[in-house]
Amino acid sequence: MATTLQPPPIAKLPLGIRRVKQFDSEAPSTGVWVGLAAITMTFAAFTSAMVVRQGSASDWRHFPFPTILYFNTLALIASSITLQIARHRFARVDRAATATYPAVSALYGTLVLGLAFVAGQYMAWHQLRSEGVYLSSAPSSSFFYVFTVLHALHVIGGLLGILYVISKLHRGVLRRNTLDAASRYWHFMAVLWLYLLLLLWMRI
Amino acid sequence: MSEVSTHAAHHAPPQGFIRKNVFSLDHKVIGKQYYGLGLLAVIIGMVLSWLMRIHLVWPNAAIPLLGKLSPNGAPGGIITPEYYLQLMTMHGTLMVFFVLTNVPFAGFGNYFLPIQIGAEDMAFPRFNMMSFWVTFVGFCVLVTAFFVGDGPPLSGWTAYAPLSALPGAGPGQVTGQTLWAISIAIFCVGQLLGSLNFITTTLDLRARGMTLMRMPICTWAWFITSCIGLLAFAVLLPACILLILDRVAGTSFFVPSNLVVSDQLITQHSGGSPLLWQHLFWFFGHPEVYIAILPAAGIISHILINSYRRPLLSHKVVIYCMMAIGFLSYMVWGHHMFLSGMNPFSALVFSFPTLVITIPATILTLIWIGSLYGSNLQITSASLFALGFISMFVTGGISGFFLAQPSIDVYLHGTYFVVGHFHMVMGVAAIFGMFAGTYFWAPKMFGRMMNETLGKIHFWGTFVGTYCIFMPFHYLGLVGNVRRYSAFVDDYLAPLMPVHTFITYAALFTGAVQLIFIYNLIYSRFRGQLAPDNPWNATSLEWSIPSPPPWNNFGGKHPVVYHDPYQYGIEGSSGDFVMQDSPEQIQTVRDDKKLP
């Protein structure tokens with residue numbers, strides 16, 4: 001069999017891979033999906049732990065939710081909307097830094113609303129503390145704090161991501177799929193919060 | 001044949017000692033760091049096992065220096081029963097987490113996965129660096145437990161609650177157990193970052209022509225393992241968080257009501273569920289077995305094909321079997337809990353998929369052995385350890401058939417039979433995979449060949465030694481020798497002491513044989529014969545680049561892949577193998593079965 005110096009015909013290459021994929025930076029998008037799978041699994045584990053723990057003894061204690069949680073929910077949903085607006089504007093404008101103002105203003109909106117959510121969650125914990133509902137008061141309050149604190153930590157991670165996106169936008173080096181990946185994470189945090197709110201509302 | 005890159009490099013060439021060797025973004029350096037950490041952990045873990053074995057046989061022996069390490073646990077160097085359990089806990093934790101997970105998966109995977117798919121680095125090099133250093137911090141936190149107040153925890157590597165959840169439950173349960181839980185939580189974060197990198201890299205950074213089915217089997221194994229790890233460590237992390245909260249924040253997730261510990265009624269906790277910990281732990285714990293064994297299975301498949309000079313009977317079936325094992329690993333965790341007090345019907349439900357999992361495992365074994373027929377086997381240290389892996393995997397796996405049945409497990413669960421089973425199928429088999437990988441890939445990693453004669457002496461010593469240690473465990477278990485006891489003196493088990501003495505001598509011998517390996521590794525690293533690019537006449541991409549590879553693997557070029565990964569024994573070819581990136585046209589493409 002002769003050895004040739006030329007690559008064989010393109011037909012020998014498998015279908016579906018038409019170009020060199022390296023460094024085309026699909027990685028942020030895939031990475032976020034994979035990360036969200038892990039986060040989903042973590043919260044699923046906590047959920048099953050909560051169900052088991054509630055059934056294991058009769059010490060479950062119901063307590064009223066702080067009203068501010070509902071306002072926080074609205075803030076988080078609004079932050080997702082502003083992020084969508086930013087994506088929409090980013091898709092329309094040129095990527096040069098001079099033309100990024102409309103997109104970046106919407107991103108700042110997401111940042112502020114996200115911070116408002118975290119601050120609001122802190123106020124909710126503070127209110128519960130003042131009512132004598134502590135982490136170790138009852139299994140229900142334990143799970144309430146575990147769920148809300150861990151979610152807030154994930155939201156803070158998302159805020160750092162939004163800051164990263166804003167800095168890239170200011171420097172005019174933001175890529176579309178970086179923004180998409182950050183948005184996907186942020187929207188997931190909103191959906192996760194709605195799930196947690198429903199879960200806690202049903203159980204507590 | 002490769003294309004010159006027109007893209008920007010993934011990251012700039014490293015400058016300075018720190019960036020090159022310590023906080024490196026290079027997946028190869030990170031892989032070696034994981035390997036080094038695993039080596040350190042395995043040495044500590046092995047010394048701990050020696051201490052346990054010596055104490056079992058000579059319970060009153062004063063061990064030099066041990067008294068200084070732990071004046072309470074080993075006064076005058078004589079190990080107390082509690083300290084025996086503490087040593088056992090640290091041995092298990094170090095070995096399972098920091099050796100069996102670190103080396104075959106994170107170590108070799110980090111080094112070779114990107115190269116084998118033709119990538120310049122991992123998808124997220126910074127996350128990759130973080131994953132190692134986070135793991136290192138976890139290791140340091142765990143080892144710190146040796147040096148605090150009442151020493152390391154004694155609740156076993158499974159840290160069953162409520163023993164693990166109550167600070168007053170025994171020596172080591174105050175600070176040591178908290179350090180344990182924090183260490184494992186940190187370890188989970190490191191593994192999650194690593195798994196995220198492995199999955200994304202495999203999906204997104206494959207070279208042109210590198211379809212999923214053209215990936216080598218070990219790449220597949222690392223990919224499947226990272227999928228398992230992503231979901232398993234995502235469950236252990238919440239479990240550890242809840243355990244830490246029970247310990248330090250007064251919550252009651254795992255501590256039941258009316259518990260009396262050391263004659264004290266526990267009043268600050270109530271209503272918790274100890275079974276909840278077991279469910280969460282084993283939901284991670286069983287997949288962890290496959291996190292340890294699948295990369296080793298992938299590595300030895302890769303090596304065996306090279307040694308057989310022919311592909312396995314079916315590339316695809318091997319991969320599908322690994323997938324099946326990975327999937328089933330999530331459905332069998334309850335078989336660790338037959339005696340936990342859960343509903344007996346649950347035991348039946350968990351027993352069935354446990355027996356089913358033997359089917360893909362058996363197919364894998366039959367393919368490894370069946371492919372030997374008609375092959376041109378080359379005996380090297382790597383291939384010997386690969387064949388040794390099959391031996392250990394089969395021997396340990398067969399005892400799994402017994403333990404999978406609840407009625408038999410009731411008798412055997414608390415005995416040395418279980419210890420023999422999991423050490424062979426998970427521990428020693430995975431370590432054989434690590435040794436095979438080391439002898440096979442050291443020329444690529446360090447640019448120098450390891451000594452083959454010393455490698456073969458190391459193999460035979462280790463092979464015979466491990467059988468001498470772990471086969472008698474099965475016998476001890478069958479005759480009712482309980483595990484976790486620190487001594488059998490003046491006991492109904494006293495007649496079995498000669499067997500224990502034999503095992504202890506075998507353990508000391510096998511440990512001593514490892515000095516040959518360490519000498520070989522260090523000597524070869526500096527004085528070994530210089531390695532050519534492709535010393536084993538292998539086909540996958542890691543052998544197409546210099547030994548050791550440059551910082552950007554392919555020198556700024558992008559390889560193009562034309563062939564399946566294992567084109568050995570090709571009729572009519574210019575040699576007996578065709579490399580994956582060779583443009584040579586060949587008539588037979590074995591795995592496609594499309595050509596006549």
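Which residues form a nonpolar patch on the surface, and how much accessible area do they have together? In this predicted model, the patch is made up of Val149(A), Leu153(A), Ile156(A), Leu160(A) and Leu163(A). Together these side chains account for about 430 Å² of accessible area. One of the residues, Leu163(A), belongs to helix H4 of chain A, which covers residues 139–170. Leu163(A) has a relative accessible area of 43% and is therefore classed as partly exposed, since that class lies between the 20% limit for buried residues and the 50% limit for exposed ones.

The secondary structure of chain A consists of five helices and zero strands. Read from the N terminus, the order of elements is α-α-α-α-α. Chain A has 204 residues, of which 50% count as buried.

Contacts between the two chains include a helix pair. Helix H1 of chain A (residues 27–56) packs with helix H8 of chain B (residues 274–308), and the two axes are 10 Å apart at an angle of about 155°. H1(A) is therefore roughly antiparallel to H8(B), as angles over 145 degrees are placed in that class. The crossing of H1(A) and H8(B) is right-handed.

Charged side chains were examined next. Side chains of opposite charge can pair when their charged atoms come close. Over all chains, six salt bridges are counted. In one of them, the side chains of Arg87(A) and Asp180(A) meet with an N to O distance of 3.0 Å. This pair links distant parts of the chain, with Arg87(A) in helix H2 (residues 68–92) of chain A and Asp180(A) in helix H5 (residues 176–203) of chain A, 93 residues apart. Asp180(A) also forms a salt bridge with Arg176(A), where the closest N and O atoms are 3.5 Å apart. Asp180(A) and Arg176(A) both lie in helix H5 of chain A, and their separation of four residues corresponds to about one turn of the helix. Arg87(A), Arg176(A) and Asp180(A) are thus linked in a network of salt bridges. Within this network, Asp180(A) counts as buried because its relative accessibility is 16%, under the 20% limit. Arg176(A), at a relative accessible area of 28%, is partly exposed.

In chain B, a salt bridge joins Asp564(B) to Arg214(B), with 3.9 Å between the closest N and O atoms. Asp564(B) lies in the loop between strand S4 (557–559) and strand S5 (567–568) of chain B, and Arg214(B) in the loop between helix H6 (176–204) and helix H7 (217–248) of chain B, so the pair ties together parts that are 350 residues apart in sequence. Both Asp564(B) and Arg214(B) are buried.

A further approach of sequence-distant positions in chain B involves Val47(B), a residue of helix H2 (residues 27–57) of chain B. The C-alpha atoms of Val47(B) and Gly511(B) are separated by 8.4 Å, although these positions lie 464 residues apart along the chain as counted by their numbering offset. The relative accessibility of Val47(B) is 34%, so this residue counts as partly exposed.

How values were computed: Residues are numbered from 1 along each chain as its sequence is written. Chains are lettered from A and ligands numbered from 1 in the order in which they are written. This is a predicted model: local features need pLDDT of at least 70, side-chain atom pairs count only at pLDDT 80 or more; totals for chains, interfaces and linings use all residues. Side-chain values use heavy atoms; hydrogens and water are left out. Patches are made of residues with over 30% relative accessible area and no salt bridge: like charges are joined within 9 Å, nonpolar side chains (Val, Leu, Ile, Met, Phe, Trp, Tyr) within 5 Å. Accessible areas come from the Shrake-Rupley method with a 1.4 Å probe; for residues, only the protein chains shown count as cover. A salt bridge is a side-chain nitrogen of Lys or Arg within 4 Å of a carboxyl oxygen of Asp or Glu. Buried means under 20% relative accessible area, exposed over 50%, partly exposed in between (1.4 Å probe, protein chains only). Axes are lines fitted to C-alpha atoms, for helices over the stretch in contact, and angles run from 0 to 180 degrees between N-to-C directions. Angles under 35 degrees count as roughly parallel, over 145 as roughly antiparallel, 65 to 115 as roughly perpendicular and the rest as oblique. A crossing is left-handed if the near helix is turned anticlockwise from the far one by less than a right angle, and right-handed if clockwise.
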